[in-house]
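Take a walk through this structure, from its aromatic contacts to its strands and its empty spaces.

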Amino acid sequence: MNKILFLHGFFATGSAPMAIALKEAFHGEAIVLTPDLPLHPKEALRYIRTLIDKEKPDLLIGNSCGAFLAQMISPVVGIPTLLGNPHFKMTEFLKERIGEHEYKAPRKDGNQKIVIDEALIHEFEELEAKQFDCSNPTFKYLVWGLFGEKDTMAHFEPLFLQHYSNSFHFPGGHTPTEQEVKTWYVPLARKMLAGGRINRLALAMIDYNNGDPKRIQHTTKVHAYASLIGKCEGLDEETQFILESAALVHDVGIRASEQKYGYQNGKLQEQEGPDVARELLAKIGGYTDQQIERICWLVAHHHTYHVCEDLDYQILIEADFLVNMFEDNESINAIRAVRRNIFRTESGIRMIETMFGITE
């Protein structure tokens, strides 16, 4: 099961409404860790790093000051991160609030008192000056920002966009309500988790086919074409996720067939592939039983062409043909026959006709 580490805002705690909403939304789907963070940011960063090393979360979600901390540590630990209303200038916020305050929700240690003084402000000031030092092109698309259109406290989307590319809005304020968390934060988090699973599965398939660049290249190309056709055809996120996962494991039965029978063919791939795929998906984690069954069904039918009814199935077959026809150096007449008898999607037809220079 996936893990999410939530980093709360300055006056919030791990029991704040946003933390509760995330736990409720991901119940049975992901483990949501919501620790109480230390007040001082340097200590908080050390604590977060220790927690990450121990728990190995798949996604960080930070809000306000928690997003300020999450942005600094995300590229260091290599974990995709969703920043909610990130407050990149905490010193300005704190200078107006010098004195004693209380946390807005209970902490596990029972300490509810916050003291904002010059030492705390100076510590934040030091971190602010170098907060983007670890941002890099690799993480440009792996750190997402979510900004409330009614946020009157933090307006740092322009600064965010100087370093990252994926910015989203929601019609709320600085501190989201529980319903806003479930409506706006959770779908983005699910999308980020799905992307992370696809990446891990892709790397797992490269490991599985270690020493066999031809199969690795084939799998990578089929996945790329399946992903492109699915997006062009407007698949919903769940179907797109299943399609891309199936594309990555569609030929996983080849090695199993060769080891068991000394040779392989399409039918043996369909026969031996599902069990291997199921094991790989279980190791990756985060897949529901329903998702695994659908992916394995696609693996078990990806060389059966007369029962195509669903788009994920049709697109997987089209993507596999696009790659196989090139790799097998098929004749132009054979390609025309496949175009006429197999291809159904508008995007797939456009790709086969353009790729091979054919018209019907």
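Rings of Phe, Tyr and Trp, the last by its six-membered ring, count as a pair if their centres lie within 6.5 Å. Planes over 60 degrees apart make such a pair edge-to-face. The model is predicted. By this rule, 15 aromatic pairs are found in the model.

One of them joins phenylalanine 10 to phenylalanine 93. The two ring centres are 6.1 Å apart, and the planes meet at 75 degrees, so the pair is edge-to-face. Where do the two partners sit in the chain? Phenylalanine 10 is in the loop between S1 and H1, while phenylalanine 93 belongs to helix H4, residues 90–95. The pair therefore ties together parts that lie 83 residues apart in sequence. Both ends of this contact are under the 20% cut-off for buried residues. Phenylalanine 10 has a relative accessible area of 7%. For phenylalanine 93 the value is 8%.

Phenylalanine 10 has another aromatic partner, phenylalanine 124. This pair is edge-to-face as well, at 6.3 Å centre to centre and 65 degrees between the planes. Phenylalanine 124 lies in helix H5, residues 118–128, and phenylalanine 10 in the loop between S1 and H1, so this contact ties together parts 114 residues apart in sequence. Phenylalanine 10 and phenylalanine 124 are both buried. Phe10, Phe93 and Phe124 belong to one aromatic cluster, together with Phe11 and Phe68.

Now step back to strand S1. Is this strand, residues 2–7, enclosed or open? Of its 6 residues, 6 are buried, so S1 is largely enclosed by the rest of the structure. Its side chains alternate. Asn2, Ile4 and Phe6 point one way. Lys3, Leu5 and Leu7 point the other way, and these residues too are buried.

Which strands pair with S1? Strand S2, residues 30–33, runs parallel to S1 and is joined to it by 4 bridges. Within this pairing, lysine 3 stands opposite isoleucine 31 of S2. Between S1 and S2 the chain passes through helix H1, residues 17–25, and this β-α-β crossover is right-handed. Strand S3, residues 59–63, also runs parallel to S1, again with 4 bridges. There, isoleucine 4 has leucine 59 as its bridge partner.

The loop between H1 and S2 holds glycine 28. Buried or exposed? Glycine 28 has a relative accessibility of 61%, and values over 50% count as exposed, so this residue is exposed. Its C-alpha atom is 10.0 Å from that of asparagine 2, although 26 residues separate the two along the chain.

Next come the empty spaces. Rolling a probe the size of a water molecule over the atoms shows where empty space is left. The model has 2 cavities of 30 Å³ or more.

The largest cavity has a volume of about 100 Å³. Phe10 and Phe124 return here, in a lining that also includes His8, Gly9, Leu37, Pro38 and Tyr103. Helix H2 (41–55) and helix H3 (65–77) each supply at least two of the lining residues. What is the character of this lining? It divides into 10 nonpolar residues, 2 polar and no charged.

The second largest cavity has a volume of about 30 Å³. It is lined by Tyr208, Asn209, Arg215, Thr219, Asp251, Ile254 and Arg255. Helix H8 (213–232) and helix H10 (253–261) each give at least two residues to this lining. Its classes are 2 nonpolar, 2 polar and 3 charged.

Last, the largest pocket. About 1,100 Å³ of space lies in it. Its lining numbers 42 residues, and those closest to the pocket centre are Lys191, Met192, Ala194, Gly195 and Gly196. Which elements give two or more residues to the lining? They are helix H7 (178–208), H8 and helix H9 (237–249). H7 gives the most, with 13 residues. H8 thus appears in the lining of the second largest cavity and in that of the largest pocket. By class, the pocket lining has 19 nonpolar, 12 polar and 11 charged residues.

Definitions and conventions:
Residues are numbered from 1 along each chain as its sequence is written. This is a predicted model: local features need pLDDT of at least 70, side-chain atom pairs count only at pLDDT 80 or more; totals for chains, interfaces and linings use all residues. Side-chain values use heavy atoms; hydrogens and water are left out. Buried means under 20% relative accessible area, exposed over 50%, partly exposed in between (1.4 Å probe, protein chains only). Two strands pair if DSSP finds at least two bridges between them. A crossover is right-handed if, with the strands pointing away from the viewer, the path from the first strand over the helix to the second runs clockwise. On a 1 Å grid over the protein atoms alone, a cavity is a set of points where a 1.4 Å probe fits but cannot get out, and a pocket is an open set with protein on both sides within 12 Å along at least five of seven lines; lining residues have an atom within 4 Å of a point. Grid points are joined across faces, edges and corners, and a volume is the space filled by probe spheres set on the points. Ala, Val, Leu, Ile, Met, Phe, Trp, Tyr, Cys and Pro count as nonpolar, Asp, Glu, Lys and Arg as charged, and the others, Gly among them, as polar. Rings of Phe, Tyr and Trp (its six-membered ring) pair if their centres lie within 6.5 Å; planes under 30 degrees apart count as stacked, over 60 as edge-to-face and the rest as tilted.
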